[in-house]
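Open the model in your viewer and keep the selection box at hand. We will go stop by stop, with something to pick at each one.

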Amino acid sequence: MAIVINMPRLSDTMTEGVVAKWHVKVGDNITEGSLLAEIETDKATMDFEAFPGQEGVLLHRGMDEGASAPVDTILAILGDKGEDISGLISGGNKSDPVTENIEPEKEVVSNAVIDVQEPAQVVDTPEIKSIDGRLKASHWQSPWLMRRVLIYLQ
Amino acid sequence: MAKKKLSKEIYLKWYEDMLLWRKFEVMSAGLYIQQKIRGFLHLYNGQEAVLAGSILAMEAGDKMITAYRNHVQPIGLGVDPRKIMAELMGKVTGTSRGKGGSMHMFSKEHNFYGGHGIVGGQIPLGAGLAFADKYKDDNHVTLTYMGDGAVRQGSLHETFNLAMLWNLPVVFICENNGYAMGTSVERTANHSEIWKLGLGYEMPCAAVDGMDPAVVYAAMQEAIDRARSGGGPTFLEIRTYRYKGHSMSDAQLYRSKNEVAEYQKVDPISIVKKVIEKKKWSTPDELESINKRVKSLVAECVKYGEDSPFPESQELWQDVYVQTDYPFIKE
């Protein structure tokens, strides 16, 4: 069964990567930990190794050295020797053995937007009286004390 | 408590535990690359012997606190690894309900007090935990871990002083993996003998080889016994190594691949495996079945994480204050 390896996101800010150097060629046997390529990111050039489950013969290299591609595009395809992967090369990203299905990440953002209809209500504490029209910093402050302080400052 | 005899059972447990922790971390890295885990990720690969040796020396009720390289410590203390993976993936079934992530693992039940991002911030907290135990006459010991970067923080000195003054039941452990992010130990001070930081406080202190759990265990048992019997704190500098970068976005330009390869020759898992093989405590088939068991557990963790839901938006307002009807939290 063919395994597609996509351009990895090697850092949280990475959007695309350049294959600085391939360390494997079509026909090589890949196992967990095999150094696949050196990928140049926005920050530095990092080694990219095969992860658990990414095993097989390298059937296809998605891009040449020096080429740049966005994260999540096809970087390499592994599989059994002689396996037909023509469908995958043209198509999009497919299954990854590490996780069963890749569902397009349901934008959790829409659920996570807090339903703020109005700004959060500031609870009115009855004791606060504003001496000079300014709000108190905290309802712990005694108005009596504030009055004394303000009078002193004058 | 008398030193335990390092039997076949202990070695096989060490092998299986350390292999689980290693494979768990490798899998987490793979998930991070696929963006199933986001944020930061600090891996423990190579440092497993420190945890394995420490746990053997702990007794029920003893506490552990560490910094942010903290995925496997709770697993070692008994937390369900599936819940750790779920937490890494930000799911509500995680140990912090998906709101803590990689750097904030906790378990009240298993006495694991985190999971802290501020460098050196956990040091005074650890002494505080020990203070509470002493105050309550609980006869427990607190293990307070820190890195080689954290020992340069003032919080270490303030904590050491008070811990010695009040004779707290605490063991301070520096997991010296050679690099504070990208800065080598040689470059963070005028000398590299971190254990000597205890001398100024007349605290018993020593450097320990951290690649062999048996060596770690011996040192930890002595330190824990001292703390429990009222002998006060100990500072152990446990010399270990991390095979991966500081975190996932570390290009590791500060060290050569040869150096990493040299340290891989003393991989703690290999050290334990060699003892098992030499003493004929297991057959290759049995070791292979341990391997398979570990692999399958890790896959189970991933599946659990994937199948779990993300937290609902209301979760944002939970666990902010202890008081649930705090006036400034919107319903």
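## Stop 1: chain A as a whole

Select chain A and show its surface: about 9900 Å² is exposed, and carbon and sulfur atoms supply 53% of that area. Accessible areas come from the Shrake-Rupley method with a 1.4 Å probe, and for residues only the protein chains shown count as cover. Before going on, note that this is a predicted model, in which local features need pLDDT of at least 70 and side-chain atom pairs count only at pLDDT 80 or more, while totals for chains, interfaces and linings use all residues. Residues are numbered from 1 along each chain as its sequence is written, chains are lettered from A and ligands numbered from 1 in the order in which they are written, and side-chain values use heavy atoms, with hydrogens and water left out.

Switch to cartoon, and chain A shows 3 helices and 8 strands. Helices (H or I, at least four residues) and strands (E, at least two) are DSSP runs, numbered from the N terminus. Along the sequence the pattern reads β-β-β-β-β-β-β-β-α-α-α.

Now colour by burial: of the 154 residues in chain A, 32% are buried. Buried means under 20% relative accessible area, exposed over 50%, and partly exposed in between (1.4 Å probe, protein chains only). For contacts in chain A with a separation of 6 or more, residues 24 or more positions apart account for 55%; contact means heavy atoms within 4.5 Å.

## Stop 2: the strands of chain A

Strands of a sheet pair through backbone hydrogen bonds, either parallel or antiparallel. In this model, two strands pair if DSSP finds at least two bridges between them.

Select E1, E8, E6 and E3 of chain A; in that order they form an open sheet of 4 strands with antiparallel pairing. Strand E1 (3–6) and strand E3 (29–30) of chain A stand at the edges with a single partner strand each, so one side of each has no neighbour in the sheet.

Zoom in on strand E6 (residues 56–61) and strand E8 (residues 74–79) of chain A, an antiparallel pair joined by 4 bridges. Which residue stands opposite Val57(A) in E8(A)? Pick Gly79(A), and you have found the partner of Val57(A).

Next, select strand E2 (residues 16–22) and strand E4 (residues 35–40) of chain A, which run antiparallel and share 4 bridges. Here Lys21(A) stands opposite Glu38(A).

E4(A) also pairs with strand E5 (residues 45–49) of chain A, antiparallel over 5 bridges. Label Ala37(A) and its bridge partner in E5(A), Phe48(A). Follow the backbone from E4(A) to E5(A) to see a hairpin with 4 residues between the strands.

## Stop 3: chain B as a whole

Move to chain B, with its 10 helices and 7 strands. Its radius of gyration is 20 Å, close to the 20 Å that the globule rule gives for 331 residues, so chain B is as compact as a globular protein of that length. The radius is taken over C-alpha atoms, and the rule is 2.2 Å times the number of residues to the power 0.38. Along the principal axes, the C-alpha atoms fill a box of roughly 55 × 55 × 40 Å.

Burial colouring marks 52% of the 331 residues of chain B as buried.

## Stop 4: Val26(B) and its contacts in chain A

Pick Val26(B), in helix H1 of chain B. Leaving out residues up to four places away in sequence, Val26(B) touches Glu32(A), Phe51(A), Pro52(A) and Asn45(B).

## Stop 5: Ile37(B) and helix H4(B)

Select Ile37(B) in the loop between helix H1 (8–33) and helix H2 (48–57) of chain B. Is this residue buried or exposed? At 1% relative accessibility, Ile37(B) counts as buried. Beyond its neighbours within four places in sequence, Ile37(B) contacts Ser28(B), Leu31(B), Tyr32(B), Met85(B), Leu88(B) and Met89(B).

Finally, select helix H4 (residues 81–88) of chain B, where 6 of the 8 residues are buried. Among them are Met85(B) and Leu88(B). The buried residues of H4(B) pack against H1, helix H3 (72–77) and helix H10 (284–307) of chain B. After H4(B) comes Gly90(B), with a positive phi near 80°.
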